[in-house]
Amino acid sequence: MSDIIEKLVATFIRFPGIGPRQARRFIYHLLAQNSLTIENLAQDLLTLKQTVNQCRSCCRFFIVNNRAAAKEICELCLDESRDPSILMIVEKDSDLEVVRKSGHYSGQFFVLGGLVPILEEAPAKKIRLNPLLEKIKATKNQLKEIIIALAANPEGDNTGEYLQRALAPLGIKITILGRGLSTGTELEYSDAETLRNALKNRA
């Protein structure tokens with residue numbers, strides 16, 4: 001039993017923000033559940049993997065439907081009502097959802113997939129730089145502004161500076177969110193009003 005517990009601990013601590021103590025709490029909570037609950041959880045995880053795809057355009061995860069399945073493009077990228085002249089770069093899917101639900105942004109998105117640690121020797125390997133460049137080049141005739149919307153912390157700032165250098169040759173206006181976001185704040189934990197101010201005061 002000890003071996004499987006340690007194996008599951010190693011699995012859970014790969015989750016963002018989860019340490020060994022929390023991982024063990026998850027495991028003992030699961031052990032206290034009945035078999036049907038565990039079976040349903042396992043089935044839900046399989047269903048998640050089978051029905052969720054990654055958008056070929058913005059790299060967000062989305063539930064596949066008949067309209068999107070053929071092109072592997074999510075409903076946001078297919079939505080013709082969204083402004084194609086503005087592209088917002090966010091770190092992760094949860095950031096995208098927070099901005100989307102705030103109701104203060106109607107442009108396109110791109111999920112970067114991570115941040116660049118300070119002093120990182122191979123920054124392009126930490127983020128989806130090449131897919132981002134491909135998306136920008138594919139929409140360059142329409143694209144007028146790129147908004148870098150990352151966490152207000154050292155890694156977010158470092159990543160923003162790296163992106164500005166990488167994207168500068170494209171000749172497109174680049175802005176960053178205003179400091180309506182407090183230093184140290186992750187985008188996914190920001191409320192709608194804070195996001196509205198950060199968007200309004202971008203520079």
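The sulfur of Cys 59 lies 6.8 Å from the closest cysteine sulfur, which belongs to Cys 58, and this is too far for a bond. The model under discussion is a predicted one, and with a disulfide taken as a pair of cysteine sulfur atoms within 2.5 Å, the count comes to zero disulfides. Cys 58 is likewise in no disulfide, the nearest cysteine sulfur being that of Cys 77. The two cysteines are set out below.

| Cysteine | Nearest cysteine sulfur | Distance | Relative accessibility |
|---|---|---|---|
| Cys 58 | Cys 77 | 3.7 Å | 1%, buried |
| Cys 59 | Cys 58 | 6.8 Å | 9%, buried |

Strand β3, which covers residues 83–90, has six of its eight residues buried, and it is therefore largely enclosed by the rest of the structure. On one side of the pairing scheme, β3 and β4 (107–111) run in the parallel sense and are connected over five bridges, with Asp 83 standing opposite Gly 107 in β4. β3 also runs parallel to strand β5 (residues 145–148), to which four bridges join it, and here Met 88 has Ile 147 as its bridge partner.

Together with helix α6, the strands β3 and β4 make a right-handed β-α-β unit. Helix α6 spans residues 93–102, and its buried residues are Asp 95, Leu 96, Val 98, Val 99 and Ser 102. Seen down the helix axis, these buried residues fall within an arc of 165°, so they line one face of α6. The helix is followed by Gly 103, which has a positive phi, near 75°.

The elements of this unit also meet in the largest nonpolar core, since α5 (75–78), β3, α6, β4 and α9 (192–200) each supply at least two of its residues. That core holds 22 residues, of which Met 88, Val 90, Val 99, Tyr 105, Phe 109, Ile 147 and Leu 187 touch the most other members. Apart from it lies another core, of 21 residues, which includes Leu 87, Leu 115, Ile 146 and Leu 150.

Ile 147 ties several of these descriptions together. As well as being the bridge partner of Met 88, and leaving aside its neighbours within four places in sequence, Ile 147 is in contact with Ile 86, Leu 87, Met 88, Ile 89, Tyr 105, Thr 175, Leu 177, Leu 199 and Arg 202. Among these contacts, Met 88 and Tyr 105 are named with Ile 147 as residues that touch the most other members of the largest nonpolar core, while Leu 87 belongs to the other core.

Key. Residues are numbered from 1 along each chain as its sequence is written. This is a predicted model: local features need pLDDT of at least 70, side-chain atom pairs count only at pLDDT 80 or more; totals for chains, interfaces and linings use all residues. Side-chain values use heavy atoms; hydrogens and water are left out. Buried means under 20% relative accessible area, exposed over 50%, partly exposed in between (1.4 Å probe, protein chains only). The arc is that of the directions from the helix axis to the C-beta atoms. A nonpolar core is a set of buried Ala, Val, Leu, Ile, Met, Phe, Trp, Tyr and Cys residues joined through side-chain atoms within 4.5 Å. Contact means heavy atoms within 4.5 Å. Two strands pair if DSSP finds at least two bridges between them. A crossover is right-handed if, with the strands pointing away from the viewer, the path from the first strand over the helix to the second runs clockwise.
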